Amino acid sequence: TATRMVNIFPLQTVIVIFFAFLIWVDQRLYLPSELTCDMSYMYGKPDYYQIPLDHSIRMQFKDYALYLYTERGRDTLENLGTPVLFIPGSGGSHEQVRSIATHTMHLAAETQGKGNQNIRYTFFAVDLQSELSALHGG
């Protein structure tokens with residue numbers, strides 16, 4: 001039996017190496033060549049302007065607020081694009097809108113230069129006072 005084990009070992013080794021090679025080839029051929037993460041850069045100071053709400057709404061939802069997110073003060077309530085409402089997840093902050101808003105605004109600016117129509121987004125964020133919720137993505 002020891003002789004039989006020695007004879008099978010090289011075959012098992014060849015099979016393992018063969019499958020490892022197939023996996024390597026598969027990853028090289030079918031995965032994108034560059035899997036990178038880009039930083040989201042801000043070109044201006046982030047500003048969060050609290051939206052004044054009607055008195056009855058303020059009294060009903062005392063702890064909550066609605067904010068307009070902007071960089072360098074370029075968005076105002078009179079100069080709105082397509083509205084986007086950001087609702088933070090469980091225990092989240094309204095300030096988390098910054099990264100997605102910045103990236104979306106820069107993508108819209110890039111496509112504008114390529115002859116596409118004027119695309120503008122205005123981001124609003126709900127402040128839930130970092131309350132925990134029943135749903136979260138963790």
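## Strand β4 and its partners

In this predicted model, P83 has its bridge partner in β4: T122. P83 belongs to a wider pairing. Strand β3, residues 82–86, runs parallel to β4, and five bridges link them.

Strand β2 also pairs with β4. Here the sense is antiparallel, again over five bridges, and β2 covers residues 65–71. One of the bridge pairs joins A65 to D127 of β4. How much of β4 is covered? Six of its seven residues are buried, so the strand is mostly covered.

## The sheet as a whole

Now add strand β1. It runs antiparallel to β2, and five bridges join the two. Across this pairing, Q50 stands opposite Y67 of β2.

Together, four strands form an open sheet. Their order is β1-β2-β4-β3, and the pairing is mixed. Which strands stand at the edges? They are β1 and β3. Each has a single partner strand, so one side of each lacks a neighbour in the sheet. From one strand to the next, the twist averages 30°.

## Helix α3 across the sheet

Helix α3 lies across β1, β2, β3 and β4. Its direction is at about 175° to that of β4. The helix has 16 residues. From first C-alpha to last it reaches 22 Å, close to the 22 Å expected at 1.5 Å a residue.

Which residues of α3 are buried? They are V97, A101, T102, M105 and A108. These residues sit on the same side of α3, because they cover an arc of only 130° around the axis. What covers them includes β1 (46–50), β2, β3 and β4.

## The nonpolar core

Nonpolar side chains tend to be buried together in soluble globular proteins. In this model, the largest nonpolar core holds seven residues. Its members are Y69, F86, V97, A101, M105, F123 and A125. Two elements, α3 (97–112) and β4, give two or more residues each. The largest share, three residues, comes from α3.

F123 is a core member with contacts in many places. Neighbours within four places in sequence are left aside here. Its contacts then include Y67, L68 and Y69, along with V84. F123 also touches V97, I100, A101, T104 and M105. Of these contacts, V97, A101 and M105 are also listed among the buried residues of α3.

## After β4: two positive phi angles

The segment after β4 (121–127) contains Q129. S130 lies in the segment after β4 too. Neither residue is a glycine, yet each has a positive phi: near 55° for Q129, and about 55° for S130.

Are these residues buried or exposed? Buried means under 20% relative accessibility and exposed means over 50%. Q129 has 47% relative accessibility, so it counts as partly exposed. S130 has 40%, so it also counts as partly exposed.

Technical notes. Residues are numbered from 1 along each chain as its sequence is written. This is a predicted model: local features need pLDDT of at least 70, side-chain atom pairs count only at pLDDT 80 or more; totals for chains, interfaces and linings use all residues. Side-chain values use heavy atoms; hydrogens and water are left out. Buried means under 20% relative accessible area, exposed over 50%, partly exposed in between (1.4 Å probe, protein chains only). A nonpolar core is a set of buried Ala, Val, Leu, Ile, Met, Phe, Trp, Tyr and Cys residues joined through side-chain atoms within 4.5 Å. Contact means heavy atoms within 4.5 Å. Two strands pair if DSSP finds at least two bridges between them. The expected span of a helix is 1.5 Å times one less than its number of residues. The arc is that of the directions from the helix axis to the C-beta atoms. Axes are lines fitted to C-alpha atoms, for helices over the stretch in contact, and angles run from 0 to 180 degrees between N-to-C directions.
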